[in-house]
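Work through the exercises below with the sequence and the model at hand. Each task is followed by a solution in steps.

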Amino acid sequence: MADDHPYLDLPIPKYAPIELRPTPGKGWGVFATRDIKRGSLIMKERAMFIIQKQSGNITEQDVYEAVERLSDSQMHIIACLSDNRPRELSNGMMDSGPLALAQIWGKNCFSLESGVEGRPFGDYVEQKRWGLFPCHSRFNHSCQPNAGVPESPESPSESQVGRNSTSSYAERDIAAGEEITISYKNGFRSRTLDERHRLLEFECSCTVCDRASKDPTFRQVSDLRRRLIRGLIYLLDGIDENSEYDDDDSHSRPVICDPIMRKAADNCDFPLSARLIYDLLLAVLTEAEGLLDIETAANTWTHVWRRACSFGTEENRKIAKLAVQQKTWIERLGMAFQLDGRADAADYWHTLAYRQVKGIKI
Ligand SMILES: C[S@@+](CC[C@H](N)C(=O)[O-])C[C@H]1O[C@@H](n2cnc3c(N)ncnc32)[C@H](O)[C@@H]1O
C-alpha cells in the first residue's frame with residue numbers, strides 16, 4: 001500500500017471507525033477499524049458542493065461551474081477521485097475539461113433528501129439535490145451491503161443542520177477488518193445479475209455476484225429468485241419497482257405475463273389470503289438471497305403479523321396467525337396455503353384502502 005497515495009489525504013473524521021485501503025479487484029475501499037454495531041453512525045460528511053437539479057438535467061457545464069468555485073486544496077481532492085486512480089494535479093484541474101469532471105461527478109455524487117421547490121401560483125415541483133462527497137464515495141458497492149447512506153434526514157432538526165451533509169450507518173453488525181459496503185442503486189433485490197451489472201456499469205465482484213459468476217447453478221437459482229421477488233412486489237403493490245430502469249432491449253419482459261393477474265395487481269384486486277401468501281413468499285425469497293438483514297426482518301415480521309391480524313373472518317384470522325407463528329418456512333407456507341382461494345370479510349375494505357392509496361377511482 002503506497003504511503004503517499006492521495007486517498008490518504010482525504011479528510012476522514014477522527015471519530016469514524018474506518019480506514020481506506022486497497023481491496024482486490026475494486027481499487028480502494030473502506031474498512032472497519034473496530035467492531036461497529038448495527039444502526040451506529042459510521043461517518044457524517046459535508047458535501048464539497050451541491051447541485052440542485054433533477055439528475056437527468058445536470059449538465060457538464062453545471063459541474064464545471066461548481067468546481068470552478070472551489071479552493072485549490074478542494075480541487076486537489078477532486079483530482080484524486082479521477083478514474084479512482086491517483087492522479088497528479090499538473091496543469092490545473094480545470095484543464096481536465098467539463099467531460100472529465102462530469103465523469104468524476106457521476107462516480108462520486110450522492111443524492112441528498114428530496115426537497116420541494118415552491119413556484120409562483122401555488123405550483124410545487126419536486127426538486128432533487130445532489131452532492132459530491134469525497135469520503136463517502138470511497139465506499140464500494142455490494143449487492144448485499146452491510147451499510148447504508150439514507151437519503152432523508154432522520155429528524156426535523158437534522159434537516160436544518162444536515163442540509164448539505166450525508167451520513168452512513170451500519171445496517172448489520174460489522175466486524176473489525178471487514179470491508180464496509182453500500183448499495184449504489186435502489187431496487188436491486190429484484191434485479192438479476194446481468195441487470196445489476198448493466199446498471200452499475202461495472203462488473204460487480206461483491207460476494208453474491210462473485211459466487212453467481214463462478215457457479216452457474218447458483219446464478220440460475222439466484223436470478224430466478226430475484227425475478228420472482230420482482231413479480232411478487234408487483235402483485236402486492238401494483239408497482240414494478242424496476243420499470244424506471246428498463247430500456248427497450250429484450251431483458252425487459254413484463255414482470256407478470258398473465259393479463260388477468262396483471263389487471264388484478266393494477267386494481268389492487270387480491271383477497272387477503274393471496275396477499276398473506278405473497279408476503280410469506282417474498283420474505284422467504286429475500287432471505288434466501290441474503291437480503292433479509294435484521295432490520296428488514298423485523299419490519300417484515302411486523303408487517304406479516306399485522307396482515308394476519310387484519311383478516312375479518314374469525315376462522316381465517318386464526319389460521320393466518322397460526323401460519324405466521326410456525327417455526328419453518330415450509331410450515332408457515334403450508335398453513336397459509338390452507339387459506340388459498342378463501343374470501344374474507346375484510347377483503348372489500350382492504351381493496352378500497354389500497355385503491356385509495358394508489359389514487360384509483362373507487
Ligand atoms: C465511487 S468508486 C468507489 C471507490 C473506488 N473503489 C476507489 O478506489 O476509489 C466506484 C468505483 O469502484 C469500483 N467498484 C465499486 N464497487 C465495486 C464492486 N462491488 N465490484 C467491482 N468494482 C467496484 C468500480 O470501479 C466503481 O466504478
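**Exercise 1. Find the residue in E12 that stands opposite Val30, then place the pair in its strands.**

Solution. Val30 faces Ile180 of E12. The strands concerned are E2 (residues 28–32) and E12 (residues 179–182), which run antiparallel and are joined by two bridges. Strands here are DSSP runs (E, at least two residues), helices likewise (H or I, at least four), both numbered from the N terminus. Two strands count as paired if DSSP finds at least two bridges between them.

Before going on, note the basis of the numbers. The model is predicted, so local features need pLDDT of at least 70 and side-chain atom pairs count only at pLDDT 80 or more, while totals for chains, interfaces and linings use all residues. Residues are numbered from 1 along each chain as its sequence is written.

**Exercise 2. Determine which further strand pairs with E12, and in which sense.**

Solution. Strand E9 (residues 140–141) is joined to E12 by two bridges, and the two run parallel. Within this pairing, His141 stands opposite Ile182.

**Exercise 3. State the strand order of the open sheet that contains E11, and identify its edges.**

Solution. Step one: the order is E3-E11-E10, with antiparallel pairing. Step two: E3 (41–46) and E10 (147–148) each have a single partner strand, so one side of each lacks a neighbour in the sheet. Step three: E10 and E11 (residues 165–170) are paired over two bridges; in one case Gly148 has Tyr169 as its bridge partner.

**Exercise 4. Describe the contact between the two domains.**

Solution. Domain 1 covers 6–184 and domain 2 covers 210–358; such bounds come from an automatic or database domain assignment. Four residues of domain 1 and five residues of domain 2 take part in the contact. Residues are in contact if their C-beta atoms, placed from the backbone, lie within 7 Å. On the domain 1 side there are no nonpolar residues, one polar and three charged. Nonpolar means Ala, Val, Leu, Ile, Met, Phe, Trp, Tyr, Cys and Pro; charged means Asp, Glu, Lys and Arg; the others, Gly among them, are polar.

**Exercise 5. Decide where the model calls for caution.**

Solution. The mean pLDDT (the predictor's confidence in each residue, from 0 to 100) is 84 for the protein, and 83% of the residues score at least 70. Among the elements, strand E6 (residues 115–119) has the lowest mean, 41, and helix H11 (residues 314–325) the highest, 98. Residues 115–125 stay under 50, with ten contacts beyond four places in sequence. Residues 154–158 also stay under 50, with one such contact. Where pLDDT is low, the predicted coordinates should not be read in detail.
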